[in-house]
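Me: I'd like a close look at one part of this protein, the sheet, taken strand by strand. Once that is clear, please go on to the surroundings that help me find my way around the rest of the chain.

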Amino acid sequence: MAVTTSSASAQSERQALVKACVSRDWSKAIRILNSLLSQACTVQDICNRAFCYSKLELHKHVIKDCEKALELDPYNIQIYILKGHALAALGKGYDALQTWKQAYASVLDQSVDLKQLLELQDLLANSKDDSSVVSDGQIAESPKDPPSSMTSSSNSTCKSPVKTVEREKPLQRENAVASQLTQKTRSISLDLRLSRGIAQVNDGNYDQAIAIFNQILRDNPSSSEALIGRGTAYAFQRKLDIAIADFSKAILSNPTTGEAWKRRGQARAALGESLEAVKDLTKALEFDPNSSDILHERGMVFFKSKDYIDAVADLDTCVRLDKDNKSAYSYMGLALVSVGEYKRAFEAHEKALQLDPNFKEGWCHMAQSYQELAEAEKAVECLQRALSIDRRFVNAYRLLGLLKHGLGDHKGAIRELSAGLEFDKLNLECLYLRASSHHAIGEYANAMKDYDAVVNMDIDSQEKFVLQCLAFYQRELALYAASRANVNYKWFNLDDDIHPMFKEAWCKRLHPKGVCEVVVRQPPLRESLKKGRVKQQDFIMTKPKKLLLETADRIGKKIQYYCPGFLHNKRQHRMAGLAAIEVAQKVSSTWQALRKTLISRSKSEAKGGKRSKKKERNNVISENRGGVCCSTSSSSDTSSSCNCHEEKSSSERFTLSWEDVYAIAVKWRQVSEPCDPVVWVNKLSEEFNTGFGSHTPMILGQAKIVRYHPNFDRAFAITKNLMLERKEVYNAANNLVDLSNPAKLEAVKAARSCCDLFGTVNEDFWIVTPCYSTAFEGKSLEGTRLTMQKKGENGFDFSIRTPCTRPRWAEYEAEMAAAWEALCEAYCGEVYGSTDIGRLEKVQECILRLSFYWYNFMPLVRGTAAVGFIVLLGLLLAANIECIGNIPERLQVDWEAILSPELKTFMQAVQPWLSPSLKLDTSWQTLPNVSTTFVTTGSVIAALSSYD
């Protein structure tokens with residue numbers, strides 16, 4: 001009984017119903033039929049729903065639907081057949097037989113489907129004994145006595161197609177019937193037990209399900225259905241190795257069982273065995289090439305293993321087969337963001353949410369994509385929408401906490417993460433993020449509790465293991481910070497106080513075992529807090545503090561990059577402003593002292609002094625050499641010299657080296673986000689000799705790193721040009737690889753992708769950019785290493801790496817010292833204190849020169865870019881110049897320096913926007929002194945955390 005409708009909605013649902021049945025998605029088919037039946041109740045739709053229920057072995061639902069359909073159409077053979085099968089599956093064989101007899105009796109005089117009538121007759125012939133024959137067009141009544149007592153009238157004649165049984169062999173006849181019924185009963189019993197086991201799995205009763213499947217397997221050890229069912233129950237219990245063993249046995253029992261291949265692929269994926277999982281799911285697709293379910297599963301495995309290209313391919317095919325698969329659309333959006341296809345990505349996200357506006361995971365995925373692009377407001381809107389759907393959705397709280405942490409709102413992050421932990425107290429990611437937030441704002445006792453919870457937790461993935469290692473290191477750093485909280489800020493000296501091996505293991509995220517055997521641990525929290533803690537009075541806002549913070553917020557915003565991926569972090573802005581003001585104040589004092597010295601010696605010379613002007617100048621400026629990280633001292637010697645300008649005698653207390661200047665900003669950066677490894681590379685362990693340094697990827701596997709990929713085209717072109725010019729590169733073992741073959745050079749020239757360029761060398765390689773010296777004519781320093789590495793089958797890492805070997809460090813140290821000397825000489829001469837910004841052009845150029853070599857030097861594991869621009873702002877301020885403009889959109893100052901071979905090129909890129917943004921300003925000179933306003937480490941932390 002086909003039902004037609006003019007409604008476009010109904011037509012769409014009918015099409016979706018067909019697709020669901022073709023893909024064997026019976027649950028979805030039932031949902032569609034429920035919707036259709038709510039609009040119009042038809043016998044055919046009821047029968048169709050009963051059929052779908054039978055496929056899910058929900059036999060009671062089948063019987064209920066069949067009884068409802070028979071009320072509407074008592075002559076529909078299909079309904080009787082379905083009901084009989086359901087009764088038989090429930091072990092009610094007699095009731096099933098009676099149902100089929102009733103059907104046969106009621107339809108013989110009706111116009112019916114002859115094919116279904118013959119099917120019904122076959123069912124009766126296979127189920128009844130010899131006495132149940134058709135006489136005069138009727139089925140004989142079956143007596144209630146046992147089959148052994150059944151008899152039939154000798155003069156009955158058979159007018160139906162059912163074959164009569166020979167009467168002369170009753171014992172043989174009864175044995176045959178008994179055997180047939182026994183086999184049928186066993187089959188029904190097996191199906192029933194399998195159905196019960198599957199139902200227990202679906203209800204989450206995994207132990208009961210396993211017990212049922214164990215009973216089945218004792219009777220039938222090779223039952224692939226039972227092995228798959230038990231393996232699925234084990235998989236839900238996270239007993240993945242046992243589950244895989246069951247799925248493997250099912251495959252051995254029946255290699256054509258696609259479900260076993262699929263389930264084993266899923267279990268292997270959960271174990272992180274991505275390659276094996278893909279193989280299994282690919283095999284499953286051989287048996288069902290158009291299975292949107294398997295394509296979705298394989299696409300997810302590709303996504304989680306960061307094979308984004310194949311993930312997009314599978315998920316795209318999946319949604320072509322199943323246009324209503326919201327999960328596939330949502331994950332395809334995440335994968336497309338990773339490969340830089342943002343427009344398609346958000347189209348996929350929007351499609352997922354159009355299909356289901358209450359798809360909370362979809363809202364979170366869209367939020368992740370917005371956060372990746374640093375579109376914070378849109379991300380927050382998506383997460384709030386997810387929480388409006390389910391206020392217990394922990395992942396939404398986690399993402400909100402992560403976002404607020406990235407925006408510098410650590411207190412807000414703690415609130416969101418605590419809300420999530422109310423519903424999942426053992427969520428490792430939430431605990432770790434909350435610990436780091438407590439740590440940053442000086443709530444060390446709370447940080448300890450969360451760090452300890454993370455360290456002591458059982459983990460099941462590599463990602464969680466990394467967080468656990470970081471929690472160990474950051475717990476120690478929090479204890480160190482707690483011991484320094486109520487003492488003078490100058491005694492906070494992470495680089496010299498923390499063991500080099502500890503810092504190195506922290507930077508590399510190594511297992512703490514080796515560190516614990518060598519490094520002395522920090523004292524416990526109770527002992528640390530005896531020495532000091534962040535006090536409430538540190539948060540009291542005084543006039544000097546308020547004035548400094550308002551100015552710092554205005555100045556600090558100038559470090560912001562207006563590029564995708566860079567969040568506007570108010571805590572980092574405040575840190576940058578305070579650091580820049582402190583740099584300006586201390587550099588200004590140094591320049592004032594140097595100016596006085598120059599004037600004094602000039603007067604001395606005018607009265608008859610014999611020293612040459614050049615010698616005088618060199619002697620004065622030479623006072624600014626040395627200090628922290630100086631190449632003339634050993635690593636241990638330089639450690640004691642950090643912050644030496646705080647300790648010097650009155651005659652020398654105003655002198656600063658370039659290292660001292662940058663160390664001011666480095667320390668502020670360390671305190672502002674204590675979980676970032678912002679440390680001097682030469683203060684690590686002996687790894688310094690092997691060239692450990694910073695690493696910034698533009699492409700990571702198949703992912704285009706949103707922050708840095710905009711520099712890819714320029715870096716790729718530079719790499720090709722250097723390869724063509726030098727005709728050689730270095731491999732991973734630092735050995736030269738010859739490229740002088742004309743064919744290879746042509747291939748380099750023609751390369752358009754990482755794959756093309758890698759193919760010209762056929763192994764991992766790097767080539768170093770030049771950085772031409774200004775201080776030493778004709779000298780070329782080692783710039784950055786443009787590095788190409790193969791990752792997986794279809795991925796490549798293309799990055800800049802800056803290894804700080806001892807020879808390289810010494811060269812840059814000399815270059816930085818010369819640049820600093822030139823700056824001091826430029827300002828402390830005739831233009832000192834000038835109010836004519838035009839006369840300060842040389843000073844501006846010297847500041848850019850110092851910045852250029854700092855960026856190329858990259859002496860920090862992390863934070864070089866921020867520290868570099870903070871010092872640039874501070875030096876300009878010291879010269880009474882304030883930068884009032886923003887960095888242009890899509891421009892990254894550090895990358896302009898790194899990819900420029902000489903100072904001139906860098907200045908040509910920076911000066912056109914920087915120079916018009918500068919104005920003369922001496923108002924900063926009236927600001928309170930940063931060092932005397934924020935005396936203790938606790939007061940510094942309070943200043944960075946005071947937003948409420």
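Reply: Let's start with a pair of residues you can find on screen: N731 stands opposite F765 in β7. Please keep in mind throughout that this is a predicted model. The pair belongs to the contact between β5 and strand β7 (residues 765–772), which run antiparallel and are joined by 2 bridges.

Now turn to the other neighbour of β5. Strand β5 covers residues 728–731 and pairs with strand β6, residues 736–738, over 3 bridges, again in the antiparallel sense. Here V729 has V737 in β6 as its bridge partner. The two strands form a hairpin with 4 residues between them, and in it N734 takes a positive phi near 65°. If you are following the backbone with a torsion display, N734 is a handy spot to pause.

With those neighbours placed, you can step back to the whole sheet. It is an open sheet of 7 strands, and reading across it the order is β4-β3-β9-β8-β7-β5-β6, with antiparallel pairing. The edges are held by β4 (703–704) and β6; each has a single partner strand, so one side of each lacks a neighbour in the sheet. As background, strands of a sheet pair through backbone hydrogen bonds, either parallel or antiparallel.

You have already met the β6 edge, so let's walk to the other one. Strand β3 (residues 693–700) runs antiparallel to β4, and 2 bridges join them. At this end of the sheet, L700 stands opposite A703 in β4.

How does the sheet sit within the protein as a whole? The protein has 43 helices and 11 strands. Of its 948 residues, 52% count as buried. Among contacts with a separation of 6 or more, 64% are between residues 24 or more positions apart.

C883 gives you an example of such a long-range link. The residue belongs to strand β10, which spans residues 881–883. Leaving aside residues up to four places away in sequence, C883 touches K558, L873, L914, S917 and L918. Of these, K558 is 325 residues away in sequence, yet the two C-alpha atoms are 7.6 Å apart. C883 counts as buried because its relative accessibility is 7%, and buried means under 20%.

Going back along the chain from C883, you come to helix α39, residues 864–878. Its 15 residues reach 21 Å from the first C-alpha to the last, close to the 21 Å expected at 1.5 Å a residue. This helix is mostly covered, with 13 of its 15 residues buried. Just after α39, N880 takes a positive phi of about 65°.

Next comes the empty space inside the model. There are 6 cavities of 30 Å³ or more, and the largest has a volume of about 130 Å³. Its lining counts 14 residues, and those closest to the centre are H439, A481, F492, Q670 and P674. The elements that give two or more residues to this lining are α22 (428–440), α24 (462–484), α33 (658–672) and α43 (937–945). The largest share, 3 residues, comes from α24. By character, the lining divides into 11 nonpolar, 3 polar and no charged residues.

Since α24 gives that share, let's look at this helix too. At 1.5 Å a residue its 23 residues should span 33 Å, and the end C-alpha atoms are 34 Å apart, which agrees. Helix α24 is mostly covered, with 17 of its 23 residues buried.

To finish, here are two residues from an earlier stretch of the chain. R298 lies in helix α14 (residues 292–304) and counts as buried, at 15% relative accessibility. Residues up to four places away aside, R298 touches V278, L281, T282, L285 and D314. G272, by contrast, is exposed, with a relative accessible area of 55%. You will find G272 in the loop between α12 (258–270) and α13 (274–287). From there to V301 the distance is 9.0 Å, C-alpha to C-alpha, with their positions 29 residues apart in sequence.

Notes. Residues numbered from 1 in each chain as written. Predicted model: local features only at pLDDT ≥ 70, side-chain atom pairs only at ≥ 80, totals over all residues. Heavy atoms only, no water. Buried < 20%, exposed > 50% of the residue type's maximum accessible area, 1.4 Å probe, protein only. Contact = heavy atoms within 4.5 Å. 1 Å grid on protein atoms, 1.4 Å probe; cavity = no way out; pocket = protein on both sides within 12 Å on 5 of 7 lines; lining within 4 Å. Points joined across faces, edges and corners; volume = space filled by probe spheres on them. Nonpolar A, V, L, I, M, F, W, Y, C, P; charged D, E, K, R; others polar. Expected span 1.5 Å × (residues − 1). Pairing = 2+ DSSP bridges.
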